[in-house]
Amino acid sequence: MSSSGKKPPAKPAPKRRAADIAYDKIESLIARLEIAPGTPVVEADIAEMTGMGRTPVREALMRMVSIGLVAQQPRRGLVVSSIDVSDHLDVVETRRVLERLIAAASARRATPEQRKALVAAAQKMMKAAEKDNLDAYMQADQELDHINHAACGNASAVGAVLPLVVQCRRFWYAYQHEGEISEGAQAHLAMAEAIASSDAAAAEEGAEQLMRYLARFTHRIINS
């Protein structure tokens with residue numbers, strides 16, 4: 001605290017790299033199935049769709065190749081990878097371990113600003129769920145993930161979970177007629193509030209609640 005008794009101003013959030021912004025925009029297009037599985041990925045077209053330059057788009061696409069969201073095929077170039085329903089339970093179960101770890105770490109390490117921002121993002125998800133607005137829900141979900149991943153301070157866990165998160169978002173859009181987003185919003189809010197209160201055990205349980213919900217959703221699709 002300064003000698004005047006006032007708190008020093010909060011540090012501004014670091015400016016995001018163009019490639020990271022491009023990645024988020026392309027991820028949203030793929031997750032919302034605006035670029036469908038099996039669709040060829042043309043760098044110039046993606047640059048036009050996202051309003052981003054070719055260089056950040058190229059870097060973002062290479063990251064997507066490395067995590068399997070985009071596949072590089074002989075003579076076809078880049079294509080959006082397919083959705084494998086039978087493997088999705090493995091995606092959820094693997095994500096479960098990482099999300100619990102990340103949530104607990106965030107509860108211990110998040111700054112006061114991050115704690116407030118997490119709850120605000122979860123509340124946006126609740127409002128979007130009340131209006132059954134899937135696009136707004138997913139946008140707020142992505143915002144919450146960015147804050148949570150920055151707060152946890154575990155780059156290895158974040159790097160491992162990111163491709164699984166994208167697969168789950170895309171799976172949801174593909175089969176959204178079978179789902180109920182209010183339950184997912186409530187799980188996110190429980191996790192965010194636990195992180196905000198520095199309760200690592202409750203944050204882990206919030207992440208567990210969310211993963212149980214995604215597993216039930218996946219079972220419903222497999223058995224339908």
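Select first the loop between α1 (18–31) and α2 (43–50), where leucine 33 lies. In this predicted model, the phi of leucine 33 is near 65 degrees, a positive value in a residue other than glycine. Most residues other than glycine have a negative phi. Display the surface at this position: leucine 33 has a relative accessibility of 28%, and because buried means under 20% and exposed over 50%, the residue counts as partly exposed.

Next, show the two helices that flank this loop. The axes of α1 and α2 are 10 Å apart, and the helices pack at an angle of about 100 degrees. Angles of 65 to 115 degrees count as roughly perpendicular, and α1 and α2 are therefore described in that way. To view the contact itself, select Lys25, Ile26 and Leu29 in α1 together with Ile46, Met49 and Thr50 in α2, which they meet.

Proceed to the strands. Strand β1 comprises residues 70–73, and strand β2 comprises residues 77–80. The two pair in the antiparallel sense over four bridges. Which residue of β2 is the bridge partner of valine 70? Selecting valine 80 shows that partner. Three residues separate β1 from β2 in this hairpin, and in the turn arginine 75 has a positive phi of about 70 degrees. Colouring by pLDDT is informative here, as β1 has the lowest mean value among the elements of the chain, at 88.

With the same colouring, move to helix α5, residues 112–130, which has the highest mean pLDDT among the elements, at 97. For the chain, the average is 89, and 92% of the residues score at least 70.

Keep α5 in view and add α8 (181–196). The axes of α5 and α8 come within 8 Å and cross at roughly 165 degrees. Since angles over 145 degrees count as roughly antiparallel, this term applies to α5 and α8. The crossing of these two helices is left-handed. For the α5 side of the contact, select residues including Arg115, Leu118, Ala122, Met125 and Met126; for the α8 side, residues including Ile181, Ala185, Leu189, Ala192 and Ile195.

Finally, follow α8 into the loop that leads to α9 (200–223), and select serine 198 there. What is the sign of phi at serine 198? The phi of serine 198 is positive, about 65 degrees, although the residue is not a glycine. Serine 198 has a relative accessible area of 44% and is partly exposed.

Methods
Residues are numbered from 1 along each chain as its sequence is written. This is a predicted model: local features need pLDDT of at least 70, side-chain atom pairs count only at pLDDT 80 or more; totals for chains, interfaces and linings use all residues. Side-chain values use heavy atoms; hydrogens and water are left out. pLDDT is the predictor's confidence in each residue, from 0 to 100. Buried means under 20% relative accessible area, exposed over 50%, partly exposed in between (1.4 Å probe, protein chains only). Two strands pair if DSSP finds at least two bridges between them. Axes are lines fitted to C-alpha atoms, for helices over the stretch in contact, and angles run from 0 to 180 degrees between N-to-C directions. Angles under 35 degrees count as roughly parallel, over 145 as roughly antiparallel, 65 to 115 as roughly perpendicular and the rest as oblique. A crossing is left-handed if the near helix is turned anticlockwise from the far one by less than a right angle, and right-handed if clockwise. Contact means heavy atoms within 4.5 Å.
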